[in-house]
Amino acid sequence: MKIRNWLMISYIIVMLLPIMALYLFYITVSSYDQKRDMLEYMEFTKSLSELEPVLENPVYYKIQPQKKYRKVDSLADESMRITLYRYDGILLYSSSQEPFVGRLTKLDKNQLYKNVNQFQKNLRTYSVKKPVTGSEGELVGFYEVTISRDEWLRGVQDRTILIFGGLFIFMIIVFLTVVYLLNRKLNQPLQSLQRQMTAFADGRKVLSSNPPSNDEIGELQTHFYRMKEQIEKSQQEVVQQQKEKEYILAALSHDLKTPLTVIQAYSEALQSNRQLSEKEKKEYQTILFEKLAYMKQLIDDLTLYATLQASHHQTELVEVEGEEFFDMLLSGYEEPCSKKGIKLRIDQRISGTYRVNVKQMVRLADNLVANAIRHTDSGKEILLAALSSDEHLSQEVFPAFKEELDEWRKGGTIILIQNEGNNIPEPMQEKIFLPFVQVDGSRGQGGSSGLGLSIAKMLIERHEGKIKLWSSAGYGTLAACWIKER
């Protein structure tokens, strides 16, 4: 239960408790009053019948000394009050007063005749007022008998103590329960969360506690765990990036050192006094140009790799017509393939429009095709294909990859670069997209910077796409890129 709802329910219960207690008190007293009503009436009637022979004597209803009322005095006690009035309202006698105190005061006629012959019951007393007539039937006075409801009052008092005592005990129980639940639902989870946050801030291991509860504290714990996981993931990524940077720096130093050494050696040879033949000079110049071109490519690749890694770098996309764009993307590779004696097949079946960064897509294709040409021997074949999701795979696609490729390509357009050559070992097929990782381990050979596949992966991901590589002995290697269709 949510803490907010739990607190609201607790607050309502605490508010309703006094009302419930008062209602219970009212019901109990009313029930007790109903039970006592008839009994009290009968007791009062019996007491009144015993008093009437004396109180209806006309001799008491005229002004006379107080001592004349001794017999009446003997009838009254602490729980009974007797009051006598003359016919005109003069107070002749009252058992609740000291002698002569208040006597002979006159009562208003309206008050005198009010509720005559009617039994009156209130909270503390039972009373009745009756007229008294003389021998000739004339009105001589009134007597009023009032009996205190001591038994009823004691019953009400006992029930009051019982109800409000029970209410007090119940409120104490509710209070202790609320304190316990508050400690369990608020204090303990917050203290546990505080310890975990302190441990996490100090770099210590965060001990896992009970599963988060289904309330606000549980939501806070869940958010903390998510934040912790994200921070730990970010820290791991930072560590990994730092390792990659250190590795890249070491690899870059190595890859630059080798061509620089060659350039230095051949430059010194060209500048030396030793006579070189024209053939040697041309050979030296060719080697120098190749090494300089390799260094330029390495620096360009490294610059692009660093730019793509920057989180603030945004890829600007433009809308292109699919058939025209992919026709341009797959063209221009006939000459380098023909130069190496490689047979090139192109299969382009595209429809619709796409949002791409043209420059980045061209760089992506160049990197993948250059890598395929580099690892394909003369007389072998390379397949370049661009296929919409509703088009069948090219017949030239290696049968070993078709089923998995068909499942992987769903919902998007694919670009295929397939070459016949040595296969890539399975453990290397995922690592091959890391910077400076090459299958043969000889970076810098054949003009490769070791960053081509890493850049290709980053470029396709910038287009919300994906890249995957399949390789198998007896067939060769297939690199596939997937992009969204509009």
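Two strands count as paired here if DSSP finds at least two bridges between them. With that rule applied to this predicted model, five strands come together as an open sheet in the order E2-E1-E5-E4-E3, with antiparallel pairing. The two edge positions go to strand E2 (91–94) and strand E3 (120–121); each has a single partner strand, so one side of each is left without a neighbour in the sheet. Strands of a sheet pair through backbone hydrogen bonds, either parallel or antiparallel.

Starting from the E3 edge, E3 pairs with strand E4 (residues 125–133) in the antiparallel sense, over two bridges. Lys-121 sits opposite Tyr-126 of E4. Further along the order comes strand E1 (residues 80–86), which is mostly covered, with six of its seven residues buried. E1 is joined to strand E5 (residues 139–148) by seven bridges, and the two run antiparallel; here Arg-86 faces Gly-141 of E5. E1 is also joined to E2, this time by three bridges and again antiparallel, and Thr-83 stands opposite Ser-94 of E2. E1 and E2 make up a hairpin with four residues between them, and Gly-89 in the turn has a positive phi of about 100°.

Arg-86 turns up again among the charged pairs. Its side chain meets that of Asp-88 in a salt bridge, at 2.5 Å from N to O. Both Asp-88 and Arg-86 are buried. Over the whole structure, a search picks up 14 salt bridges.

A second strand grouping involves E9, E10 and E12. Strand E10 (residues 412–419) is mostly covered, and eight of its eight residues are buried. E10 pairs with strand E9 (residues 381–387) in the antiparallel sense over six bridges, with Leu-384 opposite Ile-417 of E10. Eight bridges join E10 to strand E12 (residues 476–484), and these two also run antiparallel. In that pairing, Thr-413 stands opposite Ile-483 of E12.

Turning to the helices, Lys-228 forms a salt bridge with Glu-232, and the closest N and O atoms are 3.4 Å apart. Both residues belong to helix H5 and lie four residues apart, about one turn of the helix. How exposed are the two partners, Lys-228 and Glu-232? Lys-228 has a relative accessible area of 16%, which puts it in the buried class because that class takes anything under 20%. Glu-232, at 29% relative accessibility, counts as partly exposed.

Helix H12 has a salt bridge of its own, between Glu-461 and Lys-457, with the closest N and O atoms 2.7 Å apart. These two are also four residues apart, so about one helical turn separates them in H12. Glu-461 is partly exposed, with a relative accessible area of 42%, and Lys-457 is partly exposed too, at 30%. Elsewhere, salt bridges that share partners tie Arg-345, Glu-381 and Glu-396 into one network.

Glu-461 and Lys-457 also bear on the pockets. The second largest pocket has a volume of about 350 Å³. Of the 16 residues lining this pocket, the closest to its centre are Tyr-305, Gln-309, Lys-457, Met-458 and Glu-461. The elements giving two or more residues to the lining are helix H5 (216–271), helix H6 (278–309) and helix H12 (452–462). Which element supplies the largest share of this lining? That is H12, with five residues. By residue type, the lining of the second largest pocket splits into six nonpolar, four polar and six charged residues.

Finally, Tyr-32 lies in helix H1 (residues 3–55). Tyr-32 is buried, with a relative accessible area of 11%. What is Tyr-32 in contact with, once neighbours within four places in sequence are left aside? The list is Glu-151, Trp-152, Gly-155, Val-156 and Arg-159. Ser-471, by contrast, is 439 residues from Tyr-32 along the chain, and the C-alpha atoms of the two are separated by 96 Å.

Definitions and conventions. Residues numbered from 1 in each chain as written. Predicted model: local features only at pLDDT ≥ 70, side-chain atom pairs only at ≥ 80, totals over all residues. Heavy atoms only, no water. 1 Å grid on protein atoms, 1.4 Å probe; cavity = no way out; pocket = protein on both sides within 12 Å on 5 of 7 lines; lining within 4 Å. Points joined across faces, edges and corners; volume = space filled by probe spheres on them. Nonpolar A, V, L, I, M, F, W, Y, C, P; charged D, E, K, R; others polar. Buried < 20%, exposed > 50% of the residue type's maximum accessible area, 1.4 Å probe, protein only. Salt bridge = Lys/Arg side-chain N within 4 Å of Asp/Glu carboxyl O. Contact = heavy atoms within 4.5 Å.
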